[in-house]
Amino acid sequence: MNEPEGPPTEAATASGDTATTAPGEAAPEQDSRRARRMRRLRPSAPPRPSGPPQLDFPPVKNGLDYLASVVKHLDETESEVTPSDVKYAVLHLQAAVEVLFKTRLLAEHWTLVFINPGQATREELDDASLKSVTPEQAITRLQNIAGVEISEKEEKALTRLTKDRNKLQHFGFTDNARAVEARAGEVLDFLIRFIDTELQPYLEPADRLATELGLRDLREGLGNINSYVRKRMNRIGGELRQHGVESTTIECPACENVTLVLDEDPPVPPAGGGAFATCRFCASFFELGDLATRWLPPLWNDQGTHVCPWCDAEALGTDVRVRSESEPVYFCFACSRIIKEIAPCDGCGKPMDVSAEGSAPLCRPCEDAREPDPESEYELPYEDPADYGFDEGAERPAYENSWFPKEGDKA
């Protein structure tokens with residue numbers, strides 16, 4: 001009788017098929033570098049454990065899942081965005097910020113995710129019991145240590161998002177839903193670029209492929225959100241041009257779009273009355289008397305006043321974005337005058353509009369008070385001897401040929 005053969009052994013081939021070998025035989029050479037690389041790119045699914053489903057959200061996947069929820073809540077093409085949608089978009093967007101920022105810090109050095117890197121321990125990192133960095137600390141470390149470029153505008157949007165999230169999470173929050181939605185869309189746009197440029201290079205090939213697939217869906221959703229915003233902004237821009245109010249339309253403090261029209265009452269004015277400015281994008285409104293205080297005034301004199309050089313009202317804002325101008329300008333909230341360049345008066349220090357002159361002039365009071373130059377003393381005009389036929393440089397004639405009388409001559 002023949003001995004029964006032992007169980008065959010499997011060896012991976014380059015194509016992913018298996019080959020059997022008899023006991024004692026060496027595995028074929030095909031289980032090579034290419035086979036291992038294929039297994040990394042297309043990892044086989046782990047066996048499903050018995051029992052309830054397991055959570056599996058490593059950092060980047062976790063961040064992408066939060067962002068997918070944000071897009072779902074803000075995508076106008078799917079359904080109308082409700083205040084509840086904006087609320088959960090803000091909460092999940094801030095969660096994505098924290099997860100993805102810490103992931104980038106981990107790629108730089110694992111101690112950077114601790115609030116105090118000098119006291120970092122591997123044990124606390126492994127069991128997630130550490131006290132991790134705040135969002136503000138994460139931004140600073142990403143900029144100063146990891147060399148991540150975060151613009152001033154992006155940092156401002158991230159800080160504002162953190163405040164919105166803290167209010168929603170802990171204290172309740174009342175704000176304009178459209179304004180919060182616009183700010184959230186800006187951060188979402190930043191995070192997608194952040195994943196693409198700052199996290200993808202540090203991922204393993206298989207994770208990189210899965211992340212790129214997730215980003216593809218996110219970009220499509222972000223495109224829908226931005227497309228909706230662009231359509232609204234184009235419509236609003238056409239209305240502002242038609243109504244001739246572009247020179248009195250400034251940046252809205254709520255949604256940060258340049259759609260806040262001065263001297264425009266809100267749809268339902270408050271009972272107190274007064275003059276208002278209303279945003280055409282998010283419908284926020286502000287009293288004109290309080291609006292100028294949102295822009296830091298230039299300190300032109302010891303009293304720190306911000307006087308308009310045209311109307312003398314203390315209502316001059318600086319670095320104000322106006323729709324009709326390509327760069328931030330000085331803007332008077334009393335007379336709606338746009339001033340591109342200001343310099344103090346040479347006499348009293350009062351701010352002067354030098355946009356046209358290009359130099360610092362004297363104000364009218366200083367010009368009037370300036371004393372005239374004293375008149376110079378009168379001097380006789382100089383007379384040239386040559387005018388009378390006398391040449392000072394001529395050679396003196398000999399005495400004997402002179403017509404002057406000589407000594408001894410008779411008169």
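A residue is called buried here when its relative accessible area is under 20%. In this predicted model, 34% of the 411 residues of the chain meet that criterion. The chain holds 10 helices and 11 strands. Strand E5, residues 276-279, is covered on both faces: Phe276 and Thr278 are buried on one side, and Ala277 and Cys279 are buried on the other.

**Confidence and overall organisation**

- The average pLDDT of the chain is 76, and 70% of the residues score at least 70.
- Across residues 1-46 the pLDDT stays under 50, and the model gives this segment 32 contacts beyond four places in sequence.
- Residues 298-304 also have a pLDDT below 50, with 14 contacts in the model beyond near neighbours in sequence.
- Of the contacts between residues at least 6 apart in sequence, 48% connect residues at least 24 apart.

**The sheet containing E5**

- Four strands make up an open antiparallel sheet, in the order E3-E4-E5-E6.
- Strand E3 (249-250) and strand E6 are the edge strands, each pairing on one side only.
- Strand E4, residues 260-261, pairs with E5 in the antiparallel sense through two bridges; Val261 has Thr278 of E5 as its bridge partner.
- On the E6 side, E5 is joined to residues 285-287 by three bridges, again in an antiparallel arrangement; here Phe276 has Glu287 of E6 as its bridge partner.
- Two of the buried residues of E5, Phe276 and Thr278, therefore take part in bridges to E6 and E4 respectively, given that strands of a sheet pair through backbone hydrogen bonds.
- E5 and E6 form a hairpin with five residues between the two strands, and Ala283 in the turn has a positive phi of about 70 degrees.

**The sheet E7-E8-E9**

- Three strands form an open sheet with antiparallel pairing, in the order E7-E8-E9.
- Strand E7 (316-320) and strand E9 (338-339) each have a single partner strand and stand at the edges, so one side of each is left without a neighbour in the sheet.
- Strand E8, residues 329-332, pairs with E9 in the antiparallel sense over two bridges, and Phe331 stands opposite Ile338 of E9.

**Nonpolar cores**

- Nonpolar side chains in soluble globular proteins tend to be buried together.
- The largest nonpolar core has 46 residues, of which Leu67, Leu93, Phe101, Leu188 and Leu191 touch the most other members.
- At least two residues of this core come from each of helix H2 (59-74), helix H3 (83-108), helix H5 (135-144), helix H6 (152-171), helix H7 (177-199) and helix H8 (205-243).
- Helix H7 supplies the largest share of this core, 10 residues.
- Setting aside residues up to four places away in sequence, Leu191 touches Leu67, Leu93, Ala96, Val97, Leu100 and Phe101.
- A second, separate core comprises 33 residues, including Ala179, Trp295, Val322 and Cys332.

**Pocket and cavities**

- Empty space is revealed by rolling a probe the size of a water molecule over the atoms.
- The largest pocket contains about 580 Å³ of space.
- Its lining consists of 23 residues, and those closest to its centre are Lys61, Leu64, Asp65, Ala210 and Gly214.
- Helices H2 and H8 each provide at least two residues of the lining of this pocket, and H8 gives the most, with nine residues.
- Two cavities of 30 Å³ or more are found in a search of the whole structure.
- The largest cavity has a volume of about 40 Å³ and is lined by Val97, Glu98, Phe101, Lys102, Val133, Thr134, Pro135 and Ala138.
- Helices H3 and H5 each contribute at least two residues to the lining of the largest cavity, with the largest share, four residues, coming from H3.
- Val97 and Phe101, which are among the residues that Leu191 touches, also belong to the lining of the largest cavity.

Conventions:
Residues numbered from 1 in each chain as written. Predicted model: local features only at pLDDT ≥ 70, side-chain atom pairs only at ≥ 80, totals over all residues. Heavy atoms only, no water. pLDDT = per-residue confidence, 0-100. Contact = heavy atoms within 4.5 Å. Buried < 20%, exposed > 50% of the residue type's maximum accessible area, 1.4 Å probe, protein only. Pairing = 2+ DSSP bridges. Core = buried A, V, L, I, M, F, W, Y, C linked by side-chain atoms within 4.5 Å. 1 Å grid on protein atoms, 1.4 Å probe; cavity = no way out; pocket = protein on both sides within 12 Å on 5 of 7 lines; lining within 4 Å. Points joined across faces, edges and corners; volume = space filled by probe spheres on them.
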